[in-house]
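Let's take a walk through this fold, one piece at a time. Keep the viewer open as we go.

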Amino acid sequence: MDLNTVETVIRPRSRGELPPWQEGDACLAGGTWLFSEPQPATRRLLDLASLGWPPHTIDADGLTLAATCTIAQLDRLELPPAWIAAPLVGQCCRGLLGSFKIWNTATVGGNLCLALPAGPLIALATALDATCTVWSPDGGERGLATTAFVLGPRRTALQPGEILRSVSIPAAALARRTAFRRISLSPNGRSGALLIGTRDADGAFSLTVTASVRRPLKLAFAGLPERAALVEAIDDTIPDGLYYDDVHGQPDWRRHVTRHLAGEIRDALQDAPSEGAGS
């Protein structure tokens with residue numbers, strides 16, 4: 001879609017070339033959402049792709065993804081064998097239903113900043129304890145957990161002039177066993193519930209709940225809970241008003257499938273490590 005209110009496109013080559021933020025500015029990464037509907041309030045685009053950030057970095061500390069890393073680049077990434085959570089990356093990429101054109105354009109940062117409940121990379125970042133690094137207009141930066149960054153549908157912690165620079169996943173989280181479950185009302189529909197379970201070597205269990213709720217949630221347990229205890233914890237953590245309600249699923253259905261998928265994840269991670277990893 002043509003954005004006929006845009007007067008200027010700025011392509012900075014470094015952070016120092018970023019202009020002072022002004023009313024009507026919008027950051028452009030992939031633009032798959034930005035160009036999908038009218039943006040009547042937008043006057044100027046800041047093209048983040050021109051900054052030339054490397055899409056990803058792997059080191060002893062873990063995996064860092066630039067906000068401009070595309071879904072296709074993330075999906076093609078080969079991770080160290082010790083990071084047994086690696087299959088989760090591909091599973092979450094495929095949770096974003098779109099053509100190869102979308103995959104080659106849509107970005108990690110765009111998925112988080114759009115903050116739709118069904119955003120699969122929000123689920124990935126939450127489940128693997130990612131830190132969102134945010135650039136401040138004054139030249140500083142701050143780090144936020146995903147649950148503190150994504151606050152609700154189309155709402156994040158970003159203040160005017162702030163830019164999501166990267167998403168960093170610690171190596172310890174990538175060494176966890178994982179289980180992934182997703183459901184929608186139709187085979188190619190938007191996620192109605194997307195849940196991820198992880199289990200540490202010491203037996204600690206975490207459950208990430210997204211898509212069925214308005215913002216990402218993570219439940220943590222010292223060990224694997226019984227099914228009844230898990231359902232009780234879900235009910236205690238998620239009040240009725242937090243379940244999302246739109247054409248992709250009503251709250252009562254989302255509550256039901258959240259409980260059901262959580263039980264499946266719990267059972268998958270009860271098995272021996274070789275059977276539960278990346279399921």
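**Starting in the sheet**

Val 9 has Leu 45, in strand 3, as its bridge partner. One thing to keep in mind from the start is that you're looking at a predicted model. Zoom out a little from that bridge: strand 1 and strand 3 (residues 44-47) run parallel and are joined by 3 bridges. They belong to an open sheet of 3 strands, which has the order 1-3-2 and parallel pairing. Strand 1 (8-10) and strand 2 (25-28) stand at the edges with a single partner strand each, so one side of each has no neighbour in the sheet. From one strand to the next, the twist averages 25°. As general background, strands in a sheet pair through backbone hydrogen bonds, and the pairing can be parallel or antiparallel.

Now for the aromatic rings. Such a pair is described by how far apart the ring centres are and by the angle between the planes. With a cut-off of 6.5 Å between centres, the count comes to 2 aromatic pairs. Take Trp 53 and Trp 135: their ring centres are 5.5 Å apart and their planes sit at 90°, so this pair is edge-to-face. It links distant parts of the chain, since Trp 53 is in the loop between strand 3 and strand 4 (56-59) while Trp 135 is in strand 6 (residues 131-135), 82 residues apart. Are these two buried or exposed? Trp 53 is buried, and so is Trp 135.

The rings of Phe 205 and Phe 221 have centres 5.8 Å apart and planes at 35°, so this pair counts as tilted. Here too, distant parts of the chain are linked: Phe 205 is in strand 13 and Phe 221 is in strand 14, 16 residues apart. Both Phe 205 and Phe 221 are buried.

Strands 13 and 14 turn up again at helix 8. In this helix (residues 227-237), the buried residues include Leu 230, Ala 233 and Ile 234. Why do they end up on the same side of helix 8? They cover an arc of only 100° around the axis, and that puts them there. The general rule fits in here: an α-helix has 3.6 residues a turn, so residues three or four places apart point the same way. Flip to the face of helix 8 turned away from its buried side and you'll find the exposed residues Ala 228, Glu 232 and Asp 236. As for what covers the buried residues of helix 8, the list includes strand 13 (205-210), strand 14 (217-221) and helix 9 (251-268).

That brings us to helix 9, where Arg 254 is found. How buried is Arg 254? Its relative accessible area is 1%, well, under the 20% cut-off for buried. A polar atom of the Arg 254 side chain lies 2.9 Å from the backbone oxygen of Gly 192. The side chain of Arg 254 also reaches the backbone oxygen of Ala 211, at 2.9 Å. Leaving out residues up to four places away in sequence, Arg 254 touches a whole list of residues, among them Ser 191, Ser 212, Tyr 243, Tyr 244 and His 248.

Asp 252 is in helix 9 as well, but this residue is partly exposed, with a relative accessible area of 47%. Finally, draw a line from Asp 252 back to Phe 205: the two are 47 residues apart in sequence and 26 Å apart in space, C-alpha to C-alpha.

Definitions and conventions. Residues are numbered from 1 along each chain as its sequence is written. This is a predicted model: local features need pLDDT of at least 70, side-chain atom pairs count only at pLDDT 80 or more; totals for chains, interfaces and linings use all residues. Side-chain values use heavy atoms; hydrogens and water are left out. Buried means under 20% relative accessible area, exposed over 50%, partly exposed in between (1.4 Å probe, protein chains only). Helices (H or I, at least four residues) and strands (E, at least two) are DSSP runs, numbered from the N terminus. The arc is that of the directions from the helix axis to the C-beta atoms. Contact means heavy atoms within 4.5 Å. A polar contact is a pair of N or O atoms within 3.5 Å; within protein, one must be able to donate a hydrogen and the other to accept it, and residues adjacent in sequence count only if both atoms are side-chain atoms. Two strands pair if DSSP finds at least two bridges between them. Axes are lines fitted to C-alpha atoms, for helices over the stretch in contact, and angles run from 0 to 180 degrees between N-to-C directions. Rings of Phe, Tyr and Trp (its six-membered ring) pair if their centres lie within 6.5 Å; planes under 30 degrees apart count as stacked, over 60 as edge-to-face and the rest as tilted.
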